[in-house]
Structures are given as structure tokens and as C-alpha cells.
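Me: I'd like a close look at one single part of this protein, please. Could you take me through it slowly, one step at a time?

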Amino acid sequence: MAAEQVEDATARLYLAIGRLSRLLRRTGSPGLGPGAVSALATLARCGPMRLGDLAAKEGVAPPTLSRIVAALVEAGYVKRDPDPQDGRAWLATPTPEGVTMVSGVRSARVQELQRRIEELSPEHRTALLDALPALEELVGEVG
């Protein structure tokens with residue numbers, strides 16, 4: 001494949017992944033923005049975390065994450081617990097309602113993605129499935 005073709009394919013892939021990601025983020029998260037859903041999903045997956053650690057994992061500035069966590073606390077999806085290692089700090093902990101919300105969002109998003117995949121032609125479905133190992137390798141999920 002020529003360098004020009006790779007460059008064009010890279011741009012097309014970037015745009016398609018971005019659009020699909022935005023489309024799926026709008027599915028199943030009533031009242032929560034993508035940043036809040038992402039932070040809540042990280043807490044549900046990783047357990048209680050300090051705000052700075054969560055901000056680093058999410059790739060956002062601590063003040064931004066502080067606002068996100070405050071909204072999640074107000075919604076009842078996250079609670080603040082004292083950090084047993086440092087009495088001055090606190091841990092963001094998902095509540096049972098928060099874990100349930102993340103599970104529902106994931107389910108709704110997976111169902112929407114499955115619906116869209118099923119609408120593809122058989123040839124495109126096969127091509128997409130054949131590309132999965134390469135996509136997983138791109139994001140470091142191989143092995």
C-alpha cells in the first residue's frame with residue numbers, strides 16, 4: 001500500500017472511529033455527559049480512587065474532573081470516602097446506583113453497536129470482524 005493510501009485510510013479510520021464513538025456515547029446515558037460516564041465507568045471498573053489518580057487515568061485536568069465528580073456525587077452515583085492512607089484526602093467511590101448506571105449504559109451502547117453491525121452487508125460484517133485483531137492491537141488489548 002502506498003504512503004498516500006495509508007495516509008488517506010488513516011484519516012478515514014480516525015473520522016469513522018470518532019463519529020462512532022460520539023454516536024455510542026449519546027446512547028444510554030440520560031443526563032450524564034460523556035466525561036461523567038467515562039469517570040463513573042473507570043471507578044466501577046477500578047474501584048475507589050483519589051481525584052488526582054482518576055484525573056490522570058481519564059486524561060483530564062483535576063479541576064475538570066473535580067466538577068465531574070461533584071456532579072456524580074450530587075446525582076448519587078459516587079460518594080466521597082476518607083482515604084485511609086491520608087486523612088487529608090478522599091476517595092471517589094461508585095455507589096451501587098452508579099455501578100448499575102454504568103452497567104445499563106454499557107448494555108445500551110453494546111446493543112446499539114450490535115444493531116448497527118447487523119445492518120451491515122455480510123461482506124462488511126466479515127471485514128469488520130477480520131479487522132478486530134488489528135484494532136485491538138492498536139489499543140494495546142492483544143494477548
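In which helix does L51 lie? And once we know that, what is L51 in contact with, leaving aside its neighbours within four places in sequence?

Reply: Happy to. One thing to keep in mind as we go: this is a predicted model.

L51 lies in helix α3, which covers residues 51-58. Is L51 buried or exposed? L51 has a relative accessible area of 17%, and buried means under 20%, so L51 counts as buried.

L51 has company in there. The buried residues of α3 are L51, L54 and A55. Looking down the axis of α3, you'd see these buried residues fall within an arc of 100°, so they line one face of the helix. Here's the general idea behind that. An α-helix has 3.6 residues a turn, so residues three or four places apart point the same way.

Now, what does that face pack against? The buried residues of α3 pack against α2 (34-46), β1 (49-50), α4 (62-75) and β3 (86-94). For L51 itself, leave aside the neighbours within four places in sequence, and its contacts are P62, L65, S66, V69 and W90. Try finding those five in the picture. As a counterexample, take R22: R22 and L51 are 29 residues apart in sequence, and their C-alphas sit 25 Å apart in space.

Two of the packing partners, β1 and β3, bring us to the sheet. It's an open sheet of three strands in the order β1-β3-β2, with antiparallel pairing. The edge strands are β1 and β2 (78-83), since each of them pairs on one side only. As a general point, strands of a sheet pair through backbone hydrogen bonds, either parallel or antiparallel.

Let's zoom in on how β1 is attached. β1 and β3 run antiparallel and are joined by two bridges. In that pairing, M49 stands opposite A92 in β3, while R50 stands opposite L91 in β3. On the other pairing, β2 and β3 are antiparallel too, over six bridges. One example is V78, whose bridge partner in β3 is P94. β2 and β3 also form a hairpin, with two residues between them.

Last stop: what comes after α3? That's G59, which has a positive phi, near 75°.

So, to pull it together: L51 is buried, it shares one face of α3 with the other buried residues there, and that buried set packs against helices α2 and α4 and strands β1 and β3.

Definitions and conventions. Residues are numbered from 1 along each chain as its sequence is written. This is a predicted model: local features need pLDDT of at least 70, side-chain atom pairs count only at pLDDT 80 or more; totals for chains, interfaces and linings use all residues. Side-chain values use heavy atoms; hydrogens and water are left out. Buried means under 20% relative accessible area, exposed over 50%, partly exposed in between (1.4 Å probe, protein chains only). Helices (H or I, at least four residues) and strands (E, at least two) are DSSP runs, numbered from the N terminus. The arc is that of the directions from the helix axis to the C-beta atoms. Contact means heavy atoms within 4.5 Å. Two strands pair if DSSP finds at least two bridges between them.
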